[in-house]
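Trainee: I have a model open and I'd like to learn how to read its empty spaces and its helices. Can we go through it together?

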Amino acid sequence: MTVTADSVQATRLDQGPGEVSDRLIASAARLSRNAMTEIDWSEPMDPSKYGCSPEWCSLYGTEMWDELTEEQQIALTRYEFASVMTNGIWFEMILQEMVIRDQYLGEYHSPEFQWSLIEIADECRHSLMFAKASEKMVGASYRPSRFVGWLGKAFMALARNEVAYAAILVAEEVLDVFQRGCMNDDRVLPFVRTVNEIHVLEESRHMKFAREEVRESMVGVGWFRRQFSALIIAIASFAIVTSLHDPKAYSDAGLDRDRAVATRKRNSHFHSMMRTSCVHLMEFLDSVGLLTRPASFWYRRARIL
């Protein structure tokens, strides 16, 4: 199953939050999937299949990549994509807490509250799916640094309104970028392609909701709040994006960790892939007044602008 026109249409209609929630609830009822029953987690892995499309590997196109045997390249993509997925779990846990907090003592009869419960349930299933995929693929998991983990706790405790939902949007869109790039690639492990399909399909609904929340929060916002929110969102985005590729994944794949990190930082191919894929995200942030000059500095540092 691939992402359908029906699900894409559900993410494109410009409506109020209540109408959007109603449509997303209906979409979830029709299109939600369960990786725990859909994927045969006991099926052996084909040793010739990658963990992600080679072009999406952070070292692809470099001299270091060319030095690797195909077996080493396959191993690297598996460890690297496990890093992306398990760091995605970290942020999805932040997302769940912020959504629960936002709906605490809310209007329980409202479509927005009901959709929020569906979103939380989706994120729990996605996190379990990523955990199972990482366990199967490499038997390891990755987390952000202790300092970034502390920042995440502070962010989840303090972020509100457009800051919370725009940061959610950036994290989900960046993860979506990686997964769209390899979900239909026959070179990639079949179960990983299914994981990517499920996440892309269901996150299209979450991103639509986050956009509507950001738009609503930005109505009537003054200059100072807009500048402050834009900067906090950009710094949070930098921390998220730069945490996706844990340096430990390189050493686990048998590479020289320091050389791999330095090579990734200089890899113009990977940076170009990221920037090109985040064009629509940057356009949205600009349209709601959240792509300020100070914010742009951090997005450029994260190589997504």
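Mentor: Sure, and let's start with a term. A cavity is a set of grid points where a 1.4 Å probe fits but cannot get out, whereas a pocket is an open set. Keep in mind that this is a predicted model.

Trainee: How many cavities of 30 Å³ or more turn up in the whole structure?

Mentor: The search finds three of them. The largest cavity holds about 80 Å³ of space.

Trainee: Which residues line the largest cavity?

Mentor: Its lining is made of N87, G88, F91, E92, A171, E172, L175, I240 and L244. Two elements, α5 and α8, give two or more residues each to that lining. With four residues, α5 gives the most. Sorted by class, the lining comes out as five nonpolar, two polar and two charged residues.

Trainee: And the second largest cavity, what is its volume?

Mentor: About 50 Å³. Here the lining residues are M98, V99, R101, D102, A159, R160, N161, A164, Y165 and I168. Again α5 and α8 each supply at least two residues. This lining divides into six nonpolar, one polar and three charged residues.

Trainee: Now the open kind. How many residues line the largest pocket?

Mentor: There are 24 of them, and V241, T242, S243, H245 and R264 lie nearest the pocket's centre. The space inside is about 630 Å³. Look along α10 (223-243), α11 (247-252), α12 (257-266) and α13 (268-277), since each supplies at least two lining residues. By class, the lining has 10 nonpolar, six polar and eight charged residues.

Trainee: Helix α10 is on that list. How do I check the length of a helix?

Mentor: Count 1.5 Å a residue, times one less than the number of residues. For the 21 residues of α10 that gives an expected span of 30 Å, and the end C-alpha atoms are 30 Å apart, so the two agree.

Trainee: Which residues of α10 are buried?

Mentor: First the general idea: an α-helix has 3.6 residues a turn, so residues three or four places apart point the same way. In α10 the buried residues are S229, A230, I233, A234, A236, S237, F238, A239, I240, V241 and S243. These pack against α5 (70-103), α7 (146-158), α8 (161-180), α13 and α15 (293-301).

Trainee: What about a loop residue, say N267, between α12 and α13? Why does N267 count as buried?

Mentor: Buried means under 20% relative accessible area. N267 counts as buried because its relative accessibility is 3%. Next, see what its side chain reaches. A polar atom of the N267 side chain lies 3.0 Å from the backbone oxygen of Y60, and the side chain also reaches the backbone nitrogen of H269 at 3.1 Å. Setting aside neighbours within four places in sequence, N267 is in contact with S58, L59, Y60 and T62.

Trainee: Let me try one. Y50 is in the loop between α3 (35-38) and α4 (63-67). Is Y50 buried or exposed?

Mentor: Buried, because Y50 has 8% relative accessibility. Not counting residues up to four places away in sequence, Y50 touches E70, Q73, I74, T77, R78, R187, V188 and L189.

Trainee: How far apart in space are Y50 and E202?

Mentor: They are 24 Å apart, C-alpha to C-alpha, with their positions 152 residues apart in sequence as the separation.

How values were computed:
Residues numbered from 1 in each chain as written. Predicted model: local features only at pLDDT ≥ 70, side-chain atom pairs only at ≥ 80, totals over all residues. Heavy atoms only, no water. 1 Å grid on protein atoms, 1.4 Å probe; cavity = no way out; pocket = protein on both sides within 12 Å on 5 of 7 lines; lining within 4 Å. Points joined across faces, edges and corners; volume = space filled by probe spheres on them. Nonpolar A, V, L, I, M, F, W, Y, C, P; charged D, E, K, R; others polar. Buried < 20%, exposed > 50% of the residue type's maximum accessible area, 1.4 Å probe, protein only. Contact = heavy atoms within 4.5 Å. Polar contact = N/O pair within 3.5 Å; in protein donor to acceptor, adjacent residues only side chain to side chain.
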